Amino acid sequence: MQRESNLSVFQQDATYSVYYIYVGSSQHITPETIHNYISRIHPNFHFNPTYENNNSINFLERVIIRNQFPLPINIYRKPTTRDTTINFLSNHPTEHKTAAYRYLINRMLSLPLTEERRQTEWETIQTIAQNNNFPNTNIARLKAEIQHKAHTRTTKDEHRKWATFTHHSRKVRKLTNFFKHTNINIVFKSTNTIQQSIKPKNPQKIPDYNNSGVYKLTCKTCNMSYIGQTSRDMTQRYREHVRYIRNNDPQSAYAQHILRNQHEYRTITDTMTLLKPIHKTSLLISYEQLFIQTYQYNGTLITEHNRGEQNPLFQLAIDTGLTSQIFHNK
Ligand SMILES: [Zn+2]
């Protein structure tokens, strides 16, 4: 591991002053003394002095200016800064899109800048925002919001829980708004980052029938479906359904349907479809209910099926078309 010191050196005639950022005091010392001292601590420590230019020096991302005390500072941007943030027009949650600006505005407001420098920084932030398609009003509102928050104390509720939602589109807000007055905080994850786009698709895809998850069994006579879930693989579950039918045992609603109506079932490939591969057992029941509700809504569920309790959140997902993005196979 390579370590670097963060000492900044100011040239003052023939002597050098070292500014320890955490103390703020100075000692008269030469670069050689510092170098010797640092190399004695550990041979891997390197000493890279940065010399001031026009009475100012870049320290971390600040510019420290030596013309008065306490040392005035300004915000430093590398000459190579590209000023690119998540574009306002991209399909990302607002929280992600504004995160960079939140950081910039917070920094602008919290650093001890002169009014003039603060104003210049504010103009820079607005330019960056414009270049990334943000409306000016949006950024101004964000600034006002941050300023307002800084003045009002927020009481933190330690009992708050966090839940992650995938941000497919803005429609997902219709679901998350339900949690507004609960102690569940929502965070979004996006599916359209560059990293996700260039990642090679899993080349070793598990064959459908070796998966666990939610499946449907279709009746070959009336084309209606049975929805089930299994934490084992689908082949085993298919064999069980077939055994119920052969033994005249109406244990599953599918066996009941086939036996009662003398309808037809066929081979696993003709009859069984994996709707959603699921490897987390705790999610099986929820997804099963979501599919049952969807098939019932579309009128394609066998009448023998146990309907379960209607879930209003699932109904909203169905109504807004969110389910089409969740389903693996239709
Ligand atoms: Zn049937």
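**Getting to know a predicted model**

Reader: Where is the place of Asn223 in this predicted model?
Author: Glad you asked, and do keep in mind that the model is predicted. Asn223 sits in the loop between strand 11 and strand 12.

Reader: Is Asn223 buried or exposed?
Author: A residue is exposed if 12 or fewer other C-beta atoms lie within 10 Å of its own. Asn223 has 9 C-beta neighbours inside 10 Å, so Asn223 counts as exposed.

Reader: What is the phi of Gln262, in the loop between helix 8 and helix 9?
Author: Most residues other than glycine have a negative phi. Gln262, which follows helix 8, has a positive value instead, near 55°.

Reader: Which residues of helix 8 are buried, and within what arc do they fall?
Author: The buried residues are Tyr254, Ala255, His257 and Ile258. An α-helix has 3.6 residues a turn, so residues three or four places apart point the same way. Seen down the axis of helix 8, its buried residues line one face, because they fall within an arc of 160°.

Reader: What do those buried residues of helix 8 pack against?
Author: Two strands and a helix meet them here. The partners are strand 11, strand 12 and helix 7.

Reader: Which helix gives the most to the largest nonpolar core?
Author: That core has 24 residues, and Val214, Tyr215 and Phe291 touch the most other members. Among the elements that each supply at least two residues are strand 11, helix 7 and helix 10. With four residues, the one that gives the most is helix 10.

Methods
Residues are numbered from 1 along each chain as its sequence is written. This is a predicted model: local features need pLDDT of at least 70, side-chain atom pairs count only at pLDDT 80 or more; totals for chains, interfaces and linings use all residues. A nonpolar core is a set of buried Ala, Val, Leu, Ile, Met, Phe, Trp, Tyr and Cys residues joined through C-beta atoms within 7 Å. A residue is buried if 20 or more other C-beta atoms lie within 10 Å of its own, exposed if 12 or fewer, and partly exposed in between; C-beta atoms are placed from the backbone. The arc is that of the directions from the helix axis to the C-beta atoms. Two residues are in contact if their C-beta atoms, placed from the backbone, lie within 7 Å.
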